[in-house]
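Here are some notes for a colleague who is opening this structure for the first time. Please read them with the sequence and the 3D view side by side.

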Amino acid sequence: MMGALKLNNIFVNLPVKDLNRSVTFFTHVGFEFNPQFTDETATCMMIGDHIFAMLLVEDKFKTFTDKEIVDATKSTEVLLALTAESRDHVDEIVNKALAAGGKPSKKPMDHGFMYEWGFQDLDGHTWEIFYMDPSAINQQS
């Protein structure tokens, strides 16, 4: 019997209508991009040490799938959930996204041990930012 599958990195591929506009938006939110994996059709947004989002213009994205691209402004295929360092950090990230032209995905929710808020990017992809109190996680063990 094999051990549990563990992989090293995640690359989320997202279709975008206007790559330059998306790069400007996510730069305002605070993300950086890897120029080694950037051209006029795609860019690699660095989210964490092992977390990346490939923003691909729709024609490039279509080369990776035979399925129809979902219009994320009308349907949801995925929720991108990312942890923040604190409740204030959640608010900071979402407020930057909203100031850069994003839309709120829902109102902030305080569950006591967890605080979450989110935004929709320029193409309608939903980003949920949350903070979970580490002492609450330890109590679950």
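1. Strands β5 (residues 79-83) and β8 (residues 126-132) run parallel and are joined by 5 bridges. This pairing, like everything else in this note, is taken from a predicted model. Two of the partners can be named: Leu 80 has Trp 127 of β8 as its bridge partner, and Ala 81 has Glu 128.

2. The side chains of β5 deserve a look of their own. In a regular strand the side chains alternate between the two faces of the sheet. Strand β5 shows this alternation: Leu 80 and Leu 82 point to one face and are buried. Leu 79, Ala 81 and Thr 83 point to the other face and are not buried. Of the two bridged residues named above, then, Leu 80 belongs to the buried set, while Ala 81 does not.

3. The pair β5 and β8 is part of an open sheet of 4 strands, in the order β5-β8-β7-β6, with mixed pairing. At the edges are β5 and β6 (103-110), each of which pairs on one side only. On average, neighbouring strands here are turned by 15° against each other, direction ignored.

4. Which strands does helix α3 lie across? Helix α3 (residues 87-99) lies across β6, β7 (114-120) and β8. Its direction is at about 10° to that of β7.

5. Met 132 is a residue of strand β8. Is Met 132 buried, partly exposed or exposed? Its relative accessible area is 28%; buried would require under 20% and exposed over 50%, so Met 132 counts as partly exposed. Beyond its neighbours within four places in sequence, Met 132 is in contact with Phe 113, Met 114 and Ile 137. The C-alpha atoms of Met 132 and Glu 85 are 8.7 Å apart, although 47 residues separate the two along the chain.

6. There is another open sheet of 4 strands, with the order β1-β4-β3-β2 and mixed pairing. Its edge strands are β1 (10-16) and β2 (32-34), each pairing on one side only. Neighbouring strands of this sheet are turned by 35° against each other on average, direction ignored.

7. Within that sheet, β3 (residues 42-48) and β4 (residues 51-57) run antiparallel, with 6 bridges joining them. Gly 48 stands opposite Ile 51 of β4. Strands of a sheet pair through backbone hydrogen bonds, either parallel or antiparallel.

8. Taken as a whole, the protein has 4 helices and 8 strands. Along the sequence these follow the pattern β-α-β-β-β-α-β-α-β-β-β-α. The C-alpha atoms fill a box of roughly 50 × 45 × 30 Å, taken along the principal axes.

9. How much of the protein is buried? Of its 141 residues, 35% are buried. The exposed area is about 9,400 Å², and carbon and sulfur atoms supply 52% of that area. Among contacts with a separation of 6 or more, 49% are between residues 24 or more positions apart.

10. A last point concerns charge. The protein has 12 positive and 21 negative charges. The mean positions of these two sets are 5 Å apart.

Terms used. Residues numbered from 1 in each chain as written. Predicted model: local features only at pLDDT ≥ 70, side-chain atom pairs only at ≥ 80, totals over all residues. Heavy atoms only, no water. Buried < 20%, exposed > 50% of the residue type's maximum accessible area, 1.4 Å probe, protein only. Contact = heavy atoms within 4.5 Å. Areas by Shrake-Rupley, 256 points an atom, 1.4 Å probe, with all protein chains shown as cover. Lys, Arg positive; Asp, Glu negative; His and termini not counted. Charge placed at Lys NZ, Arg CZ, Asp CG, Glu CD. Pairing = 2+ DSSP bridges. Axes fitted to C-alpha atoms, helices over the stretch in contact; angles between N-to-C directions.
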